[in-house]
Structures are given as structure tokens and as C-alpha cells.
Amino acid sequence: MSESIFCNYINGEWVEGASSLANISPADTSDVIGHYAQANQEQAESALDAATKGQLEWQESGLEQRYSVLMAIGDELIARKDELGKLLAREEGKTLPEGAGEIYRSGQFFHYYAAEVLRQMGETADSVRPGIEIETRREPVGVVGIITPWNFPTATAAWKIAPALAFGNAVVLKPANQVPASAWALTEIISRQGLPAGTFNLVMGPGAEVGDLLINSKKINALTFTGSLETGRKVAIATAANLVKCQLEMGSKNALIVLDDADLDNAVECAVGGAFFGTGQKCTASSRLIVTEGIHDRFVDAVVARMKQLVVGHPLREGVHIGAVADARQMKQNLNYLEIAKNEGGKLVSGGDVITEETEGYYLTPALFTETTNAMTINREEAFAPIACVIKVKDYDEALATLNDTNYGLVGGICTQSLKAATHFKRNAQTGCAMVNLPTAGTDYHVPFGGRKDSSFGSREMGSYAKEFYTIVKTTYIRS
């Protein structure tokens with residue numbers, strides 16, 4: 001195999017794959033970012049075996065060693081945010097500022113969990129029996145399989161890898177095949193930190209082969225997955241059969257409520273930023289805009305005017321607000337949903353145009369529909385596109401009922417100046433995250449993240465809540 005192939009990382013060594021895959025930029029199909037090794041099932045098995053051995057050594061490492069490793073990874077990510085952000089923008093299609101911001105945030109995840117290493121404290125209790133004391137402590141869960149999506153290729157990996165390592169686990173990472181470069185770059189940084197061989201492994205390859213092996217393996221102790229609902233259900237079934245701990249982040253159909261008393265300028269920025277930035281390819285994007293009738297017309301006019309100011313183009317070009325759609329398959333799906341919305345009676349008031357750039361890529365202007373109902377397919381299914389639909393409602397009560405009328409429950413938002421409405425909303429929105437006068441897209445790294453219904457399954461990600469997934473509790477009884 002040519003030396004230009006970017007290899008997998010197994011048992012502390014760079015390993016050639018059974019084949020390779022060209023990583024092509026969605027912003028410029030003539031831009032081949034590199035050729036990345038594709039692992040087969042035998043190599044994935046060897047990664048799991050290596051992780052089993054490496055984890056036993058890593059869990060015995062001192063807390064300061066783990067702290068130093070995670071801090072070093074975070075330091076390098078932040079120092080190289082512009083370089084790695086450019087790589088991310090090339091392969092995923094988001095703008096350069098968004099790419100650099102994702103790398104910076106990824107570094108913050110490692111810094112946060114470096115600090116968590118030093119916060120690992122147990123508890124004591126008195127027994128109901130005399131002369132006996134009780135201690136509880138958290139121990140590593142073991143080998144963690146990590147399967148990450150293409151829309152946040154570095155950040156999602158970081159918020160899973162960092163706590164896994166912080167709490168003494170070994171990792172086998174399987175990134176989405178559309179974005180191997182970001183995973184490889186992160187792995188290269190981790191590979192230089194002196195971890196015991198097998199503690200961290202990268203197996204790039206197709207989900208149908210490598211991913212299926214991981215989710216069905218009895219060699220892992222926990223598996224965390226971010227991706228589609230359809231695949232998430234398969235992961236849940238497979239891991240349950242082996243009694244493997246499972247954590248899933250899946251689909252969404254987030255909504256932003258705009259009430260009559262909302263600050264119009266802020267509501268417009270919340271809607272546009274939440275629905276369209278990142279090319280709408282965020283699990284937290286607000287694709288449903290639920291607007292009360294008193295402000296509806298002014299809101300729509302203002303959103304359309306704001307959308308006309310957005311520049312769609314090559315993600316590395318200065319002044320671009322919205323980059324490329326992820327790939328040809330995603331573009332085809334986006335166009336299909338545009339047609340579905342029109343056929344169902346939605347009125348396209350802005351955007352939805354395929355545009356050409358100097359480079360051949362996948363570019364779509366953000367689209368806004370009005371005259372839609374919550375029963376329409378476009379408001380039921382996750383399009384993962386820069387498409388937002390306005391749903392006119394009478395009042396707050398109808399707005400909240402509409403927001404909750406979905407099988408998903410990741411994020412919900414409201415724009416209002418009413419303390420009463422905001423308080424009622426944050427208590428009654430059937431979502432894992434609630435936003436008041438903020439875009440639905442945008443979360444912090446030190447607090448829990450996750451949803452309800454079909455959006456999430458298992459314990460929360462991020463913040464101190466991550467320990468629930470990456471550790472197990474041991475209770476010890478001691479006779480004095």
C-alpha cells in the first residue's frame with residue numbers, strides 16, 4: 001500500500017487497511033484530502049483485543065498522568081485550531097470559522113475532563129449493622145466502543161473520548177466514513193501522549209462491516225453512538241443482546257416558539273442562526289418555527305430579509321456564512337424534502353436554490369417555508385438540511401402543544417419577554433434541553449446534553465454526568 005495512505009491506529013501502531021477510501025471535499029470535488037485505510041473485521045477484532053489489554057494498564061495509571069495526557073491533547077487542539085479547523089472545513093463543508101470553533105471546543109472538552117480526573121472521589125456510609133463501614137467508589141467500565149457522525153467529526157469524538165480516558169477506560173473509535181481526516185488528525189495527537197499500547201485505537205471503515213462488528217461484540221463493555229434513529233435502534237438491539245452498556249444520541253425535530261411579545265430582532269437571529277448555520281446539519285437545528293399569529297407576518301418578513309444577507313459559498317472563502325452540503329447523497333435528500341414540502345402545500349418564500357461556485361461542490365441556499373402544518377412530512381421527519389418551516393398558531397398553549405407533538409425531544413426554544421411563559425415553557429417542553437431567547441443550536445461543554453423520546457437513549461453526555469456512562473459503582477463493606 002502506498003505511503004500516502006493514512007493508516008488505522010491499532011495497539012499503538014499505524015496499520016494499513018484491507019483497502020483505502022478517497023476523502024473528497026464536498027466544497028470542491030477535485031480536492032482529494034487524502035486516502036484513508038479501511039479496516040476489515042479481523043483488524044477491528046484485533047483493536048478490541050488490544051483495548052482489553054491496554055485498559056488494564058491504563059486504569060492503573062496515576063491521576064496526574066491521566067490529567068497531563070488530557071491537558072496535552074487539549075492544549076494541542078487549541079493551539080492548532082486554525083490548521084485543523086481548515087482540514088475539518090475542507091472535508092465536512094462547514095465554514096472556516098465554524099471549523100476552527102469546533103476544534104477549539106474539542107480542546108476544551110479535553111481540558112474539562114482533565115480536571116474531572118482530579119475530582120474522582122468516593123463516599124462513605126455507616127452500615128445498618130454494627131462494626132461495619134461502607135465505601136462506594138467509581139471504577140472504569142472497561143473497553144468503550146465509540147461511533148461518531150459526520151456533522152461534528154472532532155467535537156463529538158472529543159466529548160466521548162475525553163471522559164472515556166479520564167475515567168480509566170480504553171477506546172476503539174469508529175468515525176463516519178465521510179470524515180476520516182478529522183478522526184485521523186485527533187488520533188495522531190493522542191498517539192504521541194505515551195498511552196499504554198491498545199488504550200486508544202482508530203478503526204476507519206464502513207459501518208456495515210466495522211460498525212456492525214463493534215455493536216455486536218462481546219469484547220466491549222460500553223458503546224456510545226451518535227447518528228440516525230434507524231441505526232440507533234439497531235445499536236440498542238445488538239448491545240442489549242450482549243448486555244453491553246449503551247448510550248445513543250439520535251434524531252431530532254427541534255422547534256423554536258416565537259410569541260407575540262418577543263423581541264423581533266432577537267427572535268430573527270435565533271431562528272436564522274439555529275436553523276441555517278452549519279448548513280442546517282446540526283442535531284440541534286431548529287427546523288420548525290412555531291409563531292403566534294400576532295407577530296407572524298412581521299417575523300416572516302424579517303427572517304426573509306435576514307436570509308438575503310447570508311452568503312453561501314466555499315467554506316474557506318472569507319465572508320461566507322453557509323458552506324457546502326455534506327455530500328451528494330445529502331444534497332439529493334435535501335432536494336427531495338424541498339419537493340415534499342411544496343407538494344404538501346408549503347409556500348417557499350425564500351431560498352432552496354442550488355447554486356454553482358468556482359469549484360464543483362454541493363451548495364444550497366437556505367430555504368424558508370410558510371403555510372405549513374405540524375402534520376406535514378417536512379415537519380415530522382428530520383431533514384438535516386438548511387430548511388425551516390413556519391407553523392402559525394393562535395397562542396402560547398397551541399405553540400407548546402405543537403412543539404411537543406413529535407416523536408423527538410432534543411431541544412426546544414422560546415422567544416418571549418414574558419417571565420410566566422418562559423417559566424412554564426422550561427418546565428413543560430418535552431425536550432432534554434430548553435432555550436429561552438437563544439437559538440436551539442449552541443450548548444456548553446460542562447453541563448449535561450441529551451434528549452427525550454426518540455432523540456436519546458441511556459445516560460447523558462458531557463459534564464460531570466458523563467461518569468454515569470463511563471464508570472461503574474462498586475460498594476465495599478468493611479468490618480473494623
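Student: Domain 1 and domain 2 bury some area between them, but how much is it, and what share lies on carbon and sulfur atoms?

Tutor: The size of an interface is often expressed as the accessible area that is lost when the parts come together. In this predicted model, domain 1 and domain 2 bury about 1,900 Å² between them, with 57% of that area on carbon and sulfur atoms.

Student: Where do the two domains run along the chain, and how many residues does each bring to the contact?

Tutor: The domain assignment gives domain 1 as 8-250 + 455-479 and domain 2 as 255-436. The contact takes 22 residues from domain 1 and 28 residues from domain 2, while the centres of the two domains, taken over C-alpha atoms, are separated by 31 Å.

Student: How many salt bridges does the rule find across that interface?

Tutor: Between domain 1 and domain 2 the rule finds 0 salt bridges, where the cut-off is a side-chain nitrogen of Lys or Arg within 4 Å of a carboxyl oxygen of Asp or Glu.

Student: Turning to pockets, what lines the second largest pocket?

Tutor: That pocket has a volume of about 430 Å³, and of its 17 lining residues Q120, M121, R137, R138 and E139 are the closest to its centre. Strand 7 gives the most to this lining, with 5 residues, and the lining as a whole divides into 5 nonpolar, 4 polar and 8 charged residues.

Student: And how many cavities of 30 Å³ or more are found?

Tutor: The search of the whole structure finds 4; the largest has a volume of about 80 Å³ and is lined by 13 residues, with G280, A285, S287, E382 and F384 nearest its centre.

Note on methods:
Residues are numbered from 1 along each chain as its sequence is written. This is a predicted model: local features need pLDDT of at least 70, side-chain atom pairs count only at pLDDT 80 or more; totals for chains, interfaces and linings use all residues. Side-chain values use heavy atoms; hydrogens and water are left out. On a 1 Å grid over the protein atoms alone, a cavity is a set of points where a 1.4 Å probe fits but cannot get out, and a pocket is an open set with protein on both sides within 12 Å along at least five of seven lines; lining residues have an atom within 4 Å of a point. Grid points are joined across faces, edges and corners, and a volume is the space filled by probe spheres set on the points. Helices (H or I, at least four residues) and strands (E, at least two) are DSSP runs, numbered from the N terminus. Ala, Val, Leu, Ile, Met, Phe, Trp, Tyr, Cys and Pro count as nonpolar, Asp, Glu, Lys and Arg as charged, and the others, Gly among them, as polar. Domain bounds come from an automatic or database domain assignment. Contact means heavy atoms within 4.5 Å. Buried area is the accessible area (1.4 Å probe) that two parts lose on being put together, summed over both.
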